[in-house]
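Reader: I should like to understand the terms used for this structure. Please explain how each one is justified.

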Amino acid sequence: MDLHEVQAYVQASLHEISHTFQKVPGSAVLIRYIQSSYQNDPVRSAIELVLVIFFIRYLLSPSYPTHGPNYVKLRDDEIDELVKEWEPEPLVPAQTALEEAEAEKQPIIVGPTGPKVKLSNGKTVMNLASYNFYNLNASESIKTKAIETLRTYGVGPCGPPQFYGTQDVHLRTENDIAAFLGTQGSIVYAQAFSTISSVIPTFCKRGDIIVADKMVNYSIRKGLEASRSNIRWYEHNDMEDLEKVLKKVVEEQAKKRILTRRFIVTEGLFEMVGDCSNLPKLVELKEKYKFRIALDETWSFGVLGRNGRGLTEAQNVDSEAVDMIIGSLAGPLCAAGGFCAGSKDVVRHQRINAASYTYSAALPAMAAVTASETLIVLQCNPEILHQCRENIRAMRAQLDPRSDWVQCTSDPENPVMLLVFKPEVVKSRALTNEEQERLFLEIADESLTNGVLVTRLKSMPMMGSIGTKDITIKPALKVCITSGLSKKEIEKAGVTIRHAVTKIMTRKPTRQSSLAA
């Protein structure tokens with residue numbers, strides 16, 4: 001075969017291949033793309049060709065061998081010995097002595113919860129250990145509405161929001177929350193704890209600045225960790241220190257000629273202390289230094305204000321002056337889930353960027369309807385808030401001024417009363433935090449023996465999280481007030497708790513308690 005025949009054969013083969021390739025669907029589009037790509041940017045075409053060749057080679061290359069020269073084959077007895085020696089790490093840390101003691105005496109409620117509950121030992125006690133502030137879980141109208149919704153929509157949506165998980169009741173609840181707070185919009189999450197811990201990293205990224213109160217709760221701290229932003233702390237509720245931190249941030253960014261997103265993160269009612277923020281001053285500082293505010297109203301929504309709208313209503317601040325209001329639909333609203341209210345842009349951004357919203361099943365329809373119904377109750381019956389506040393005052397009158405051992409750190413309108421030992425008591429007895437925790441556990445047990453169920457402030461999850469090295473979380477006894485009990489019953493419960501504190505603090509230490517300490 002001479003040279004001319006070879007050329008003719010090659011041309012005929014290429015023609016046949018080209019003709020066959022053109023019969024493949026989409027081949028014309030691919031040819032036009034290659035031609036235009038080569039004419040516009042031949043370098044890119046060369047890189048794409050190299051990538052295609054590498055991809056084909058990768059697919060055709062053999063898998064990595066497991067029986068190479070360095071492979072050591074073990075005998076069955078050697079494998080069994082290695083398996084016996086292996087000890088998996090525990091999923092959770094071992095319980096402390098205090099946690100074991102608490103678990104042994106943990107009361108078990110039989111039947112529905114309420115202002116008075118029946119325990120597994122058959123005893124009926126006053127329940128001051130739940131967030132049922134207005135006894136709404138006993139409302140027959142809310143129960144009826146919840147059952148109707150359950151029969152219509154089922155137990156859960158079984159899907160994420162924005163896909164097939166969003167139902168008309170979710171949109172109605174979001175509109176009800178926005179109208180209740182006076183904001184442009186709101187978004188509902190399926191879980192209260194993950195709401196604030198998801199909202200923060202949705203808006204704050206690496207390099208951004210977050211200025212946070214040193215006593216913010218655990219869920220906020222998880223959000224701060226997830227954001228990977230630069231965190232600055234200011235002393236708890238100290239507006240002068242906050243202004244110093246804000247001023248320093250502004251000066252540093254002016255020197256470096258950089259501009260990032262800047263947020264102030266705080267709570268309405270602080271979970272670890274019980275007091276409330278100075279919102280008018282916060283708004284003043286955020287406007288002065290060009291920051292945004294993320295206000296966590298988990299414990300103040302449904303509690304503060306004439307109708308329970310939270311800190312904005314209680315301190316007469318326009319809700320639109322706060323960039324993001326985050327709250328819980330559990331607790332006083334007796335539903336589930338959480339929400340974030342703000343401008344339309346704030347809400348829209350979360351629908352595609354918030355991890356807890358996008359990668360979680362939607363809130364059950366029954367919980368959404370329950371939240372809407374409880375908002376209606378708060379608006380139409382503000383007297384239930386007044387009754388709860390009367391009970392708060394009655395309880396405080398029996399505890400804070402009359403006890404020689406404890407004082408209340410909570411806001412006067414906070415139904416979660418945190419009782420801590422007075423500084424002089426801690427100093428005179430040289431009480432460590434662990435000893436205070438044990439004393440409060442014994443006080444709770446003594447109160448339960450006399451018919452009042454209370455609990456302790458659980459601060460253990462906070463330890464080791466971001467920003468906890470320089471703070472001291474005081475152990476506290478937690479007393480949750482409810483309007484489901486009469487004033488006389490609340491006063492009686494207060495006397496019982498005060499006597500339990502006195503009894504535990506004035507008893508002579510036994511040999512058993514000394515060994516336990």
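Author: Two strands are said to pair if DSSP finds at least two bridges between them. In this predicted model, strand 7 (residues 262–267) and strand 8 are joined in the parallel sense over five bridges, so the requirement of at least two is met. Within this pairing, Glu267 stands opposite Asp296 of strand 8.

Reader: How do you know that strand 8 and strand 9 pair?

Author: Three bridges link strand 8 to strand 9 (residues 324–328), and the two run parallel; at least two are needed, so they count as paired. Leu295 has Ile325 in strand 9 as its bridge partner.

Reader: What makes strand 8 largely enclosed by the rest of the structure?

Author: Strand 8 (residues 292–296) has five residues and four of them are buried, which is why it is described as largely enclosed. Buried here means under 20% relative accessible area.

Reader: Which elements make a right-handed β-α-β unit with strand 8?

Author: Strand 7 and helix 11 (residues 279–289) form that unit together with strand 8. Another pairing joins strand 5 (residues 209–213) to strand 6 (residues 230–234) in parallel, through five bridges. From strand 5 the chain passes through helix 9 (residues 218–227) to strand 6, in a right-handed β-α-β crossover.

Reader: How many residues does the largest nonpolar core have, and which helix gives the most to it?

Author: This core has 95 residues, and Leu477 is among those with the most contacts inside it. Helix 15 (residues 365–380) gives the most, with eight residues. Apart from this core lies another of 23 residues, including Ile210 and Ile231.

Definitions and conventions. Residues numbered from 1 in each chain as written. Predicted model: local features only at pLDDT ≥ 70, side-chain atom pairs only at ≥ 80, totals over all residues. Heavy atoms only, no water. Buried < 20%, exposed > 50% of the residue type's maximum accessible area, 1.4 Å probe, protein only. Helix = DSSP H or I, 4+ residues; strand = E, 2+ residues; numbered from the N terminus. Right-handed = clockwise from strand over helix to strand, strands pointing away. Core = buried A, V, L, I, M, F, W, Y, C linked by side-chain atoms within 4.5 Å.
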